[in-house]
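I opened my notebook next to the structure and looked up a few things, one at a time. Here is what I wrote down, in the order I went.

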Amino acid sequence: MMEVEKVRKMKNIKPGTVVIPVLIWIMIAIMLIPMVWMLLVSFKPYESNVTDFMVMLTTKFTMENFLKILDTSRMGRWIFNSFLIAAVQSLVGILLASLAAFALSVIEFKGKKVVFFIILAGLMVPVEALIMPLFSLIISLDWMNTYAGLIMPGLAMPLAVIIFKQFYDGVPRELIEAANMDGAHIFWVWRKIFLPLSGNTTAALMIFLFIQSWNNFLWPMLVGTDSSMMTLTVALPVFQSTFSTDVTMPMTANVIASVPALIVFLVFQKQIVKGIAMTGIK
Amino acid sequence: MLPFMLMYGLFTLYPLFNGIFMSLRGGRLGRPQEFVGLANYAALFKDSYFYEAFGNTFLFVFVSTPIIVLLGLVFALVSNSKHRGAKVVKIAAFLPYILSISVITSIWVYTFKPYIGFLNSYLIRLGVVGDQVLWFDRAPLAWATIIIATTWWTVGFNTILFIAGLQEIPDELYEASSIDGATKWQQLKYITLPSLKGVTVMIVLLQIIASFKIFGQPFLMTGGGPGTSTRPLVQYIYEKGFKDWNAGYASAMSYMLLLVIIVVAFVYNKVTSNDGGGKGA
């Protein structure tokens with residue numbers, strides 16, 4: 001019996017010890033090579049050949065592209081726009097969602113079930129399906145090429161409400177009763193009990209929403225048509241299309257555009273992962 | 001509560017209902033629009049470009065969803081193992097997800113681009129192909145570039161969700177089974193995969209809904225071409241609405257998209273819950 005067991009174990013050890021480590025390095029390579037290429041190309045002289053990694057590694061490196069882009073394009077402005085929009089949307093969006101979830105979880109009011117259902121149904125409605133009526137609303141508000149037009153439609157996020165509500169539903173009711181007994185205002189309960197309790201959730205969700213907003217494409221393209229009101233995602237393809245044979249400038253622009261997101265990722269890696277895992281919790 | 005509902009009402013519910021009225025009107029955006037009843041919808045069903053765009057979106061949903069979900073699972077299983085480099089897999093898988101769509105599409109366009117991209121030159125050197133592959137000149141190849149770019153970009157999202165699911169499986173199950181002499185393969189088959197059923201049901205639904213909204217990748221990579229062979233529905237809506245300024249027609253198409261997403265989600269939910277699988281969404 002022992003022998004059989006041993007043989008079986010040896011047989012099964014093989015794929016685990018040989019295949020998986022190899023698989024690990026293949027996976028890492030596939031995921032990283034395009035990014036490594038982007039980075040390498042950005043340091044190569046204008047219009048140089050970028051099809052060979054070995055050649056690229058052994059020839060001249062230069063910062064020229066970076067200096068030229070930062071000097072001649074409105075990259076700074078586009079980064080600022082993207083950053084401002086993402087920051088306001090994630091911050092205010094979280095605040096609105098938290099308050100709404102608190103009301104849905106704690107306060108008794110008429111039509112609560114209906115309201116919750118309407119918010120739940122909103123999960124099914126992508127902004128892509130609303131662009132026409134939303135755009136005509138922005139036109140009638142005269143919000144084209146304004147931060148209001150870029151930011152406001154993205155503030156009410158049903159998903160965030162539902163995640164918060166799930167968390168708040170788990171908060172012990174005794175806490176609220178105790179606060180009520182002390183004569184605390186309901187807003188105080190939210191501010192001093194619920195908001196601090198959900199600190200980790202809030203942080204994770206906020207960073208997740210920040211990245212989502214940072215990467216938005218369709219809506220900013222429709223509303224921010226003026227070069228000074230473009231976000232990075234919208235301006236980048238426009239900027240890159242001015243180079244036909246050169247690869248180094250477009251890749252340099254990509255690197256510059258990615259640096260802020262990469263910094264956010266490296267600093268908040270744990271929260272980002274948690275934020276995503278939360279979108280899956282039902 | 002109130003501030004959220006105000007924003008939600010103004011920027012989601014109001015457009016949602018106003019869109020219905022817009023889809024019943026003709027004329028261009030910003031001009032007096034006459035009521036045309038269901039004429040936009042009738043025209044839609046006679047428009048071969050509408051069918052093509054819808055078909056393209058469906059094609060993308062049904063080809064990309066299994067690929068992205070399965071690879072997400074493989075990445076999660078590998079990065080959850082105790083091998084060297086497993087943790088790096090998780091970070092590497094997720095890294096592209098934080099890059100913006102413009103960056104990732106541009107990386108892949110230049111990767112595939114004949115003569116100046118690096119992929120062709122390596123394929124030729126390795127003897128896989130004899131000459132430059134013109135990736136963007138034929139529909140199947142153009143689709144391949146879109147699906148590869150999308151997979152590379154978003155696989156990390158599913159990986160993280162699967163890892164979250166893996167971590168909820170109690171260690172005792174594995175310990176008990178290894179005392180009973182179960183192999184790794186048996187553990188995977190009888191413990192890991194069945195335990196992930198609920199998570200998988202949800203990931204597939206999220207992926208399907210996300211894939212139906214496909215727009216940026218074809219728009220930025222192929223422009224919908226060659227011809228209109230990779231143009232998805234959202235891009236056609238965009239072109240009708242913002243190039244031809246035909247607001248009614250574009251709204252009508254938006255409602256078809258919304259309807260299909262809701263029907264698919266509903267049917268999916270029914271099928272998976274009858275299956276005794278997870279709870280769906």
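**Entry 1: How sure is the predictor?**

I began with the weak spot: residues 276-281 of chain B have pLDDT under 50, and for this stretch the model has 14 contacts beyond four places in sequence. I reminded myself that this is a predicted model, and that pLDDT is the predictor's own confidence in each residue.

Next I looked up chain B as a whole. Its mean pLDDT is 88, with 95% of its residues at 70 or more. Which elements of chain B have the lowest and the highest mean pLDDT? I found helix 1 (residues 2-23) of chain B at the low end with 80, and helix 3 (residues 48-79) of chain B at the high end with 95. For the complex, I noted an ipTM of 0.87 and a pTM of 0.89 from the predictor.

**Entry 2: Where the chains touch**

How many residues does each chain bring to the contact? I read off 91 residues from chain A and 87 residues from chain B. Together, chain A and chain B bury about 7,500 Å² between them, and 80% of that is on carbon and sulfur atoms.

Then I turned to polar contacts and counted eleven residue pairs between chain A and chain B, with both residues at pLDDT 80 or more. On the side of chain A that touches chain B, helix 1 (residues 2-42) of chain A gives the most, with 19 residues. I sorted that side of chain A by class as well: 68 residues are nonpolar, 17 are polar and six are charged.

**Entry 3: A salt bridge across the chains**

My search of the whole structure turned up five salt bridges over all chains. Between chain A and chain B the count is one. Which residues form it? I found B:Arg125 with A:Asp52, their closest N and O atoms being 3.0 Å apart.

I then checked where the partners sit. A:Asp52 lies in the loop between helix 1 and helix 2 (53-58) of chain A, while B:Arg125 belongs to helix 6 of chain B, so this pair joins two chains. Is A:Asp52 buried or exposed? With a relative accessible area of 15%, A:Asp52 is buried.

I stayed with helix 6 (residues 118-125) of chain B for a moment. Its buried residues are B:Phe118, B:Asn120, B:Ser121 and B:Leu123. After this helix comes B:Gly127, and I noted that its phi is positive, near 80°.

**Entry 4: Two salt bridges within chain A**

I looked at A:Lys112 and A:Glu108, which form a salt bridge with the closest N and O atoms 3.6 Å apart. The two partners gave me a nice contrast: A:Lys112 is buried at a relative accessible area of 17%, whereas A:Glu108 is exposed at 67%.

My last pair was A:Asp169 and A:Lys165, whose salt bridge has its closest N and O atoms 2.9 Å apart. How many residues apart are they in helix 8 (residues 158-169) of chain A? They are four residues apart, which means that about one helical turn separates them. A:Asp169 is partly exposed, with a relative accessible area of 39%, and A:Lys165 counts as buried at 15%.

Note on methods. Residues numbered from 1 in each chain as written. Chains lettered and ligands numbered in written order. Predicted model: local features only at pLDDT ≥ 70, side-chain atom pairs only at ≥ 80, totals over all residues. Heavy atoms only, no water. Contact = heavy atoms within 4.5 Å. Buried area = accessible area lost by both parts, 1.4 Å probe. Salt bridge = Lys/Arg side-chain N within 4 Å of Asp/Glu carboxyl O. Polar contact = N/O pair within 3.5 Å; in protein donor to acceptor, adjacent residues only side chain to side chain. Nonpolar A, V, L, I, M, F, W, Y, C, P; charged D, E, K, R; others polar. Buried < 20%, exposed > 50% of the residue type's maximum accessible area, 1.4 Å probe, protein only. pLDDT = per-residue confidence, 0-100.
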